[in-house]
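Student: Could you take me through the aromatic ring pairs here, one at a time? I'd like a close look at how they sit together.

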Amino acid sequence: MHADRHPDELYSFAGILTQHLPGAWTQELRQHAGDDNQQELTADVWDMNHIAETLAQHPPTHDVVLTRNDGLRLFLIDHPRYDDELLIAAMAPTDTPAEAFRGVREPDGIAISADPEQAAENILTTLLPRYETALAQVQDNAARLSGPSVRPDTLVMTWTESGDLAVTTERADVAGILTTHGFVHDGQQTYTASGDDTAHQAQCVRAAGSALGALNIGVTLRHGTLRGTPTTLPIPVPRTAAPNTVRSR
């Protein structure tokens, strides 16, 4: 694994990158002082695939958030394995009900070249179209929500101090899905996905989330007292993604 770029170098790259993207952009360099700080800062990363797994296995020491004048945000970090690549992902809108993300697939992030012009082309053709599609679906869902009477079924998975994911359910059908997809019955009505293997844990969450989606049940990942695994937005339903973790709404 190569050493991260100096924060100023990543920030400079972000500035050049935005010159090749449509719209007016600003960038913010963020330092990660510790695990809790890192988990909080990456909680809005809208990815359940490669970026989420990378954040779980290689927490970054710094990142840059790119913000377009319409509020759209991108999350940029060094690639932990390849010094000629970086990773970029969408960031979920804030102040949006978790229910609005149900049924919306995450616009999972991508690896981009260290050449800003080539990276911008890849973002324009791959990431931004699916980001804007997902964002429009979430905004439409949010507009359709009507007051406190709307109570969609949502299963809450909570990170423990050890990095495990714990979930409690009284429903036999939900319990069956959890155990089928790698969660272990851990006493009474609690089921746990071990954090010892974060890639396997992410696969369990994705598979269970997809199966629960068929029952019209959403999944939300929340922090209890965390060790070192990033959060995700509530996992949308139904979904078809690849392995990982970071905000699933």
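Tutor: Start with tryptophan 46: its relative accessible area is 0%, so it counts as buried, the cut-off being under 20%. Keep in mind that this is a predicted model. Searching the whole structure turns up two aromatic pairs. Take the one with phenylalanine 101: the ring centres are 5.4 Å apart and the planes sit at 75°, so this pair is edge-to-face, as angles over 60 degrees are. That contact ties together distant parts of the chain, 55 residues apart. Tryptophan 46 is in the loop between helix H2 (35-41) and helix H3 (50-57), while phenylalanine 101 comes from the loop between strand S4 (85-91) and strand S5 (110-113). Phenylalanine 101 is tucked away too: it has a relative accessible area of 1%, so it is buried.

Now for the other partner. Tryptophan 46 also pairs with tyrosine 131, again edge-to-face, with 6.1 Å from centre to centre and 85° between the planes. Here the link is between the H2–H3 loop, which holds tryptophan 46, and helix H4 (residues 116-144), which carries tyrosine 131; the two residues are 85 apart in the chain. At a relative accessible area of 1%, tyrosine 131 is buried as well. Put the pairs together and you get a cluster of Trp46, Phe101 and Tyr131, joined by ring pairs.

Terms used:
Residues numbered from 1 in each chain as written. Predicted model: local features only at pLDDT ≥ 70, side-chain atom pairs only at ≥ 80, totals over all residues. Heavy atoms only, no water. Phe/Tyr/Trp six-rings, centres within 6.5 Å; stacked < 30°, edge-to-face > 60°. Helix = DSSP H or I, 4+ residues; strand = E, 2+ residues; numbered from the N terminus. Buried < 20%, exposed > 50% of the residue type's maximum accessible area, 1.4 Å probe, protein only.
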